[in-house]
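Trainee: Got a minute? I'd like to go through this one with you.
Mentor: Sure. Put it up and we'll start with the helices.

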Amino acid sequence: MRLVGDIGGTNARFAWIDDKGDPQSPMTLPVREYATIGDAMRDFMTRTDCRDLREFAVAVACPAMADTIKFTNNPWVFSKDALKAEFGLDRLVVVNDFTGLAMSVPYLGDEDLITLFDGPGRPGLPLAVIGAGTGLGVSGLLPHDGHWIPVQGEGGHVTLPAVDDLDYEIVKFLTAELGRVSAERILSGMGIENLYRALAAIDGVDVTPLTAAEVVDRAMTQNDPLCLKVLDRFCLFMGGVAGDLVLTLGAFDGVFIGGGIGPRIADYMKQSGLKDRMIAKGRFHDLMNDVPVRLMTAKYPALIGCAKILSA
């Protein structure tokens with residue numbers, strides 16, 4: 001049998017691949033309930049009555065190049081060679097989580113996407129993929145000879161681009177705490193919490209710390225002014241980072257936003273300054289304005305991507 005996985009900072013998702021190369025019986029397991037990736041795999045296999053595992057492709061929320069895989073936002077560590085031996089695998093493929101996510105993009109239907117900002121794009125050119133969840137994932141798809149080549153990188157850890165005065169104040173505040181402010185320090189669950197704390201301090205407001213979910217809920221259901229300000233600035237930063245990614249990859253055919261946060265604030269993103277900040281690239285404004293931006297809403301996109309990688 002063939003298994004695919006998608007492991008982030010909070011959840012581990014697994015599914016079997018059927019004869020057509022599609023994920024089946026997907027399941028989400030909390031990372032905190034398992035000491036190792038092997039323990040989580042075995043529990044999934046037991047629950048789904050799996051036997052004779054032969055191949056495994058897994059997307060991991062961390063660099064995936066070396067033999068030792070150490071997650072950025074969860075405590076798991078494993079060796080590729082040791083994991084392959086532990087399960088007697090014929091084949092093990094380990095990729096960055098957003099590489100797996102990116103590989104799903106060509107296989108998503110209209111029901112899996114929300115168009116935030118439409119545009120003609122530039123068919124035949126690369127696609128940009130970015131998404132905020134527990135951390136910030138970044139990837140891209142490069143077309144080549146009728147196939148797609150995913151980009152493996154750690155773009156979530158680029159330096160956060162500050163544009164206006166408030167951006168600079170936020171970066172200054174967080175630099176004093178963190179030493180360096182990467183894009184992930186803002187564009188993630190912990191980033192929303194960082195933004196809430198920073199904006200409160202800048203405004204001179206004493207607040208009780210809130211979780212990212214609480215900030216989003218207060219903004220969306222209570223119109224809390226500070227929480228709305230957090231979402232507004234979150235969207236601006238997302239636009240700036242996404243725009244830089246488009247320019248870096250030449251991804252003028254489209255931006256795809258994944259991760260767990262986007263679907264929760266989809267309507268807000270549509271009316272936010274995300275697109276304005278994304279296209280504010282000086283002499284490239286008009287070209288950037290043609291780039292469509294779509295939100296990925298598929299429940300298990302990285303599992304789809306890993307299945308396509310394993311079936312290639």
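Mentor: Look at helix 5 and helix 6. They are roughly perpendicular to each other, because their axes cross at roughly 65 degrees and angles of 65 to 115 degrees count as roughly perpendicular. Keep in mind that this is a predicted model.

Trainee: OK. Within what distance do the axes of helix 5 and helix 6 come?
Mentor: Within 8 Å. Helix 5 covers residues 189–202, and helix 6 covers residues 212–222.

Trainee: Left-handed or right-handed crossing?
Mentor: Left-handed, as helix 5 passes helix 6.

Trainee: Which residues in helix 5 meet helix 6?
Mentor: Gly189, Ile192, Glu193 and Tyr196. On the helix 6 side they meet Ala212, Val215 and Val216. By class, that contact has 5 nonpolar, 1 polar and 1 charged residues.

Trainee: Switching topic. How many helices and strands does the chain have?
Mentor: 11 helices and 13 strands.

Trainee: And what does the chain span along its principal axes?
Mentor: The C-alpha trace spans about 60 × 45 × 35 Å. The radius of gyration is 20 Å. A compact globule with 312 residues would have a value near 20 Å, so the chain agrees with that.

Trainee: Now the sheet. In what order do the strands of the open sheet come?
Mentor: The order is 3-2-1-4-7, so to read it across, start at strand 3, one of the edges. There are 5 strands, and the pairing is mixed.

Trainee: Why is one side of strand 3 and of strand 7 left without a neighbour in the sheet?
Mentor: Because each stands at an edge and has a single partner strand. Strand 3 is 23–30 and strand 7 is 91–96. Neighbouring strands of this sheet are turned by 15 degrees against each other on average, direction ignored.

Trainee: In what sense do strand 2 and strand 3 pair?
Mentor: Antiparallel, over 6 bridges. Strand 2 is residues 11–17. Take Ala12: its bridge partner in strand 3 is Leu29.

Trainee: Which strands does helix 1 touch?
Mentor: Strand 1, strand 2, strand 3 and strand 4. Helix 1, residues 37–47, packs on the sheet, and its direction makes about 130 degrees with that of strand 3.

Trainee: And which strands does helix 3 lie across?
Mentor: Strand 1, strand 4 and strand 7. Helix 3 is residues 97–104 and runs at about 95 degrees to strand 7.

Trainee: At what angle do helix 3 and helix 11 pack?
Mentor: About 85 degrees, with their axes 6 Å apart. They are therefore roughly perpendicular to each other. Helix 11 is residues 301–311.

Trainee: Which residues of helix 3 meet helix 11?
Mentor: Asp97, Gly100, Leu101, Met103 and Ser104. From helix 11 come Pro301, Ala302, Ile304, Gly305, Cys306 and Ile309. By class, the contact has 7 nonpolar, 3 polar and 1 charged residues.

Trainee: Last topic, hairpins. How many residues lie between strand 9 and strand 10?
Mentor: 3, and the two strands form a hairpin. They pair in the antiparallel sense over 6 bridges. Gly131 stands opposite Gly137 in strand 10.

Trainee: And between strand 10 and strand 11, how many residues?
Mentor: 2, in another hairpin. Strand 10 and strand 11 are antiparallel over 4 bridges. Pro143 stands opposite Trp148 in strand 11.

Trainee: Which residue in that turn has a positive phi?
Mentor: Asp145, with a phi of about 55 degrees.

Terms used
Residues numbered from 1 in each chain as written. Predicted model: local features only at pLDDT ≥ 70, side-chain atom pairs only at ≥ 80, totals over all residues. Heavy atoms only, no water. Pairing = 2+ DSSP bridges. Axes fitted to C-alpha atoms, helices over the stretch in contact; angles between N-to-C directions. Contact = heavy atoms within 4.5 Å. Parallel < 35°, antiparallel > 145°, perpendicular 65-115°, else oblique. Left-handed = near helix turned anticlockwise from the far one by under 90°. Nonpolar A, V, L, I, M, F, W, Y, C, P; charged D, E, K, R; others polar. Rg over C-alpha atoms; globule rule 2.2 N^0.38 Å.
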